[in-house]
Amino acid sequence: CTMSESSFPPPGSGPARRACLRLFSADPSADAEVADLSPFVSLSAFHEQWYVPIVSRGEKGSSPDTIVSYRESVAWWAALTGDPPLAAIDQFTVATFLDGLRRATFRRGPRSREYPLSRQTQAKHAGQVRAVLRRAGPSFDAESATADLLERLPKIAARRPKSTAKPAFPL
């Protein structure tokens, strides 16, 4: 960076140099990937290229565990929907995802039986995917950054089941 003409040193001594901050990525291809952000990238690409650096690490300052949790939810999205481009996501894609979550199973170990995802886990994944997808759409408030890649967003119902109150133990 060079200083302006009104700055030190006196005229005639050549352009002065001063320290300046230049932001760049250690991976040169990363800058090109961010420049290619469009409505035609997948939700998982949008999550890694825009949501994690801008929202998770920047705006919210999320913990590494939260970032991993969101990555798991986006991985479920990709596995159950085929990870279509943002512009192709509609209510049918969302319905496929929610239905897939309801039918999904997991194993606690390599030889254990399969367990269905709990309703709370289904709601967590749906809510986290909805949070990422909302940031791809139009601005919804003045406080939150959005990528403004989409004009409209499909609705994703992510209602957490109501927990039942457990009776307290008498003392």
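**Exercise 1. What percentage of the 171 residues of the chain count as buried?**

Solution. Keep in mind as you start that this is a predicted model. Buried here stands for under 20% relative accessible area. With that cut-off, 32% of the chain's 171 residues count as buried.

**Exercise 2. Walk along the chain and find how many helices and strands there are, and in which pattern they follow one another.**

Solution. Begin with the count: the chain has five helices and two strands. Next, put them in sequence order, which gives α-α-α-α-β-β-α. Finally, look at how the chain folds back on itself: among contacts with a separation of 6 or more, 53% are between residues 24 or more positions apart.

**Exercise 3. Explore the largest nonpolar core: which residues have the most contacts inside it, and which elements contribute to it?**

Solution. This core has 29 residues, and those with the most contacts inside it are Phe46, Tyr51 and Leu86. Now turn to the elements: α2 (43-59), α3 (64-81), α4 (91-103) and α5 (119-136) each give two or more residues. The largest share, six residues, comes from α5. To see one core residue up close, pick Leu86. Leaving aside residues up to four places away in sequence, Leu86 touches a list that includes Phe46, Leu133, Ala136, Leu149 and Leu150.

**Exercise 4. Describe how the rings of Phe46 and Trp50 are arranged.**

Solution. A pair of aromatic rings is described by the distance of the centres and the angle of the planes. For Phe46 and Trp50, the centres are 5.4 Å apart and the planes are at 15°. Planes under 30 degrees apart count as stacked, so that is the label for this pair. Next, place the two residues: both lie in helix α2, four residues apart, about one turn of the helix. Both Phe46 and Trp50 are buried. To finish, widen the view: a search of the whole structure finds four aromatic pairs.

**Exercise 5. Check the length of α4, then work out where its buried residues lie.**

Solution. Start with the length. The 13 residues of α4 should span 18 Å at 1.5 Å a residue, and the end C-alpha atoms are 18 Å apart, so the two values agree. Then list the buried residues: Thr93, Val94, Phe97, Leu98, Gly100 and Leu101. Viewed down the axis of α4, these fall within an arc of 160°, so they line one face of the helix. They pack against α3 and α5. On the face turned away from the buried side, you will find the exposed residues Phe92, Arg102 and Arg103.

Notes: Residues are numbered from 1 along each chain as its sequence is written. This is a predicted model: local features need pLDDT of at least 70, side-chain atom pairs count only at pLDDT 80 or more; totals for chains, interfaces and linings use all residues. Side-chain values use heavy atoms; hydrogens and water are left out. A nonpolar core is a set of buried Ala, Val, Leu, Ile, Met, Phe, Trp, Tyr and Cys residues joined through side-chain atoms within 4.5 Å. Buried means under 20% relative accessible area, exposed over 50%, partly exposed in between (1.4 Å probe, protein chains only). Contact means heavy atoms within 4.5 Å. Rings of Phe, Tyr and Trp (its six-membered ring) pair if their centres lie within 6.5 Å; planes under 30 degrees apart count as stacked, over 60 as edge-to-face and the rest as tilted. The expected span of a helix is 1.5 Å times one less than its number of residues. The arc is that of the directions from the helix axis to the C-beta atoms.
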